[in-house]
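Visitor: Before we go through this structure together, could you tie each label you use to the criterion behind it?

Guide: Gladly; here is the structure, and we can begin with one of its sheets.

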Amino acid sequence: MQWQNGAVGNAAWTGVLLREILEMAGVKRTAREVLLAGADSGVVDTNKKTASPGPIAFARSLPLEKAIADSTMLAYSMNEEPLTRDHGYPLRAVVGGWFGMAWVKWITHITVVEQPFLGYWQARDYFRWERSLGEPRLVPLAEMEVKAQIARPVQGAHLIAGQPYRIFGAAWSGEAVIRQVQVCTGDGRGWREGRLLETERPFAWRLWEYMWTPEEVGRYILRCRAIDGAGCVQPDLQRSDCESYAANWIVPVEVTVVPEPQTYEEEFVI
């Protein structure tokens with residue numbers, strides 16, 4: 001899959017709460033979900049799991065309780081600048097704590113519905129399996145899963161024995177805040193506490209760091225894991241019920257500790 005181990009972004013959004021628009025329009029007591037449809041449309045071909053029945057728009061629904069929450073807005077500005085076309089101009093959804101497929105861009109229609117929406121991008125793609133009722137059933141992707149990832153050092157980096165090195169990265173979750181980031185350096189000392197940085201902000205990532213001084217030369221596997229306020233712990237491995245979605249498994253970084261400074265080619269994240 002093109003996202004490999006996942007992708008993440010962090011930005012400041014400005015807009016109007018979706019709740020205010022719904023209040024102006026009036027919502028019946030029988031309302032169940034709010035459907036957001038974007039201007040991007042086309043035919044999904046047979047290379048996908050199931051081809052679409054002709055041209056379709058990208059559309060996703062939100063449960064009414066999420067649609068009227070303070071964390072859901074229609075944004076027209078990103079990082080104090082007007083939205084660009086690529087980021088959803090003139091109006092896009094921002095759904096705090098939920099995966100990006102819920103953040104519909106280029107919104108053209110908002111429809112309040114009384115039955116669960118079972119459109120293509122809700123029921124044929126962007127879903128996972130859930131086994132809470134015994135037999136597995138399809139559930140649309142929604143809230144993000146807890147995750148931390150190492151930004152530096154990069155895969156294949158060379159560190160010098162006896163010199164302190166700053167391991168750092170970012171951690172995030174869905175509706176809950178990040179409470180801990182733990183780091184394992186593969187030197188037999190198990191999981192150790194990282195230090196959370198900056199001020200905690202709702203629905204934003206939390207940067208973290210851990211200072212490590214490798215004592216012996218050799219190869220090491222660096223790992224990190226996050227724990228959120230709901231007690232959820234980042235899993236070691238990918239879960240088959242999520243296919244390649246919810247890519248919150250631990251992403252190891254292999255580094256080599258060398259005895260003295262040497263000249264290497266510039267290192268890149270691949």
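Guide: An open sheet of 3 strands has the order 3-2-7, and its pairing is antiparallel. The model is a predicted one, in which local features need pLDDT of at least 70 and side-chain atom pairs count only at pLDDT 80 or more, while totals for chains, interfaces and linings use all residues. Residues are numbered from 1 along each chain as its sequence is written, and side-chain values use heavy atoms, with hydrogens and water left out.

Visitor: What makes strand 3 and strand 7 the edge strands of this sheet?

Guide: Strand 3 and strand 7 (107–113) each pair on one side only. Strands here are DSSP runs of E with at least two residues, helices are runs of H or I with at least four, and both are numbered from the N terminus. Neighbouring strands of this sheet are turned by 25 degrees against each other on average, direction ignored, where the axes are lines fitted to C-alpha atoms (for helices over the stretch in contact) and angles run from 0 to 180 degrees between N-to-C directions.

Visitor: How do you know that strand 2 and strand 3 pair?

Guide: Two strands pair if DSSP finds at least two bridges between them; strand 2 (residues 33–42) and strand 3 have 7 bridges in the antiparallel sense, and therefore they count as paired. One position to look at is leucine 36, whose bridge partner in strand 3 is arginine 60.

Visitor: Why do strand 15 and strand 16 count as paired?

Guide: Strand 15 and strand 16 (residues 206–212) are joined antiparallel over 2 bridges, and because the criterion asks for at least two, they qualify. Arginine 195 stands opposite glutamate 209 in strand 16. These strands belong to an open sheet of 4 strands in the order 10-12-16-15, with antiparallel pairing, in which strand 10 and strand 15 (195–196) are the edge strands.

Visitor: Which residue takes a positive phi in the hairpin of strand 8 and strand 9?

Guide: In that hairpin, which has 6 residues between the strands, glycine 134 takes a positive phi near 95 degrees. Strand 8 (residues 127–130) and strand 9 (residues 137–140) pair in the antiparallel sense over 4 bridges, and tryptophan 129 has leucine 138 of strand 9 as its bridge partner.

Visitor: Why is glutamate 80 called exposed, and alanine 246 buried?

Guide: Buried means under 20% relative accessible area and exposed over 50%, with partly exposed in between (1.4 Å probe, protein chains only). Glutamate 80, in the loop between strand 4 (72–78) and strand 5, is at 73% relative accessibility and therefore counts as exposed. Alanine 246, in the loop between strand 17 (218–228) and strand 18, has a relative accessible area of 9% and so is buried. Both residues have a positive phi without being glycine, near 65 degrees for glutamate 80 and about 50 degrees for alanine 246. Most residues other than glycine have a negative phi, and most peptide bonds are trans.

Visitor: Where are there cis peptide bonds?

Guide: A cis bond joins tyrosine 89 and proline 90, with omega about 5 degrees, and another runs from arginine 152 to proline 153, with omega near 5 degrees. Proline 90 lies in the loop between strand 5 (81–82) and strand 6 (92–95), whereas proline 153 lies in the loop between strand 10 (147–152) and strand 11 (158–160).

Visitor: Why does valine 253 count as buried?

Guide: Valine 253, found in strand 18 (residues 253–258), is at 7% relative accessibility, and therefore it counts as buried. Leaving aside neighbours within four places in sequence, its contacts (heavy atoms within 4.5 Å) include Ile150, Pro153, Tyr220 and Leu222. The C-alpha atoms of valine 253 and cysteine 224, 29 residues apart along the chain, are separated by 9.3 Å.

Visitor: What makes an empty space a cavity?

Guide: On a 1 Å grid over the protein atoms alone, a cavity is a set of points where a 1.4 Å probe fits but cannot get out, a pocket is an open set with protein on both sides within 12 Å along at least five of seven lines, and lining residues have an atom within 4 Å of a point. A search of the whole structure finds 1 cavity of 30 Å³ or more. The largest cavity has a volume of about 100 Å³, and among the residues that line it are Trp172, Phe203 and Arg206.

Terms used:
Points joined across faces, edges and corners; volume = space filled by probe spheres on them.
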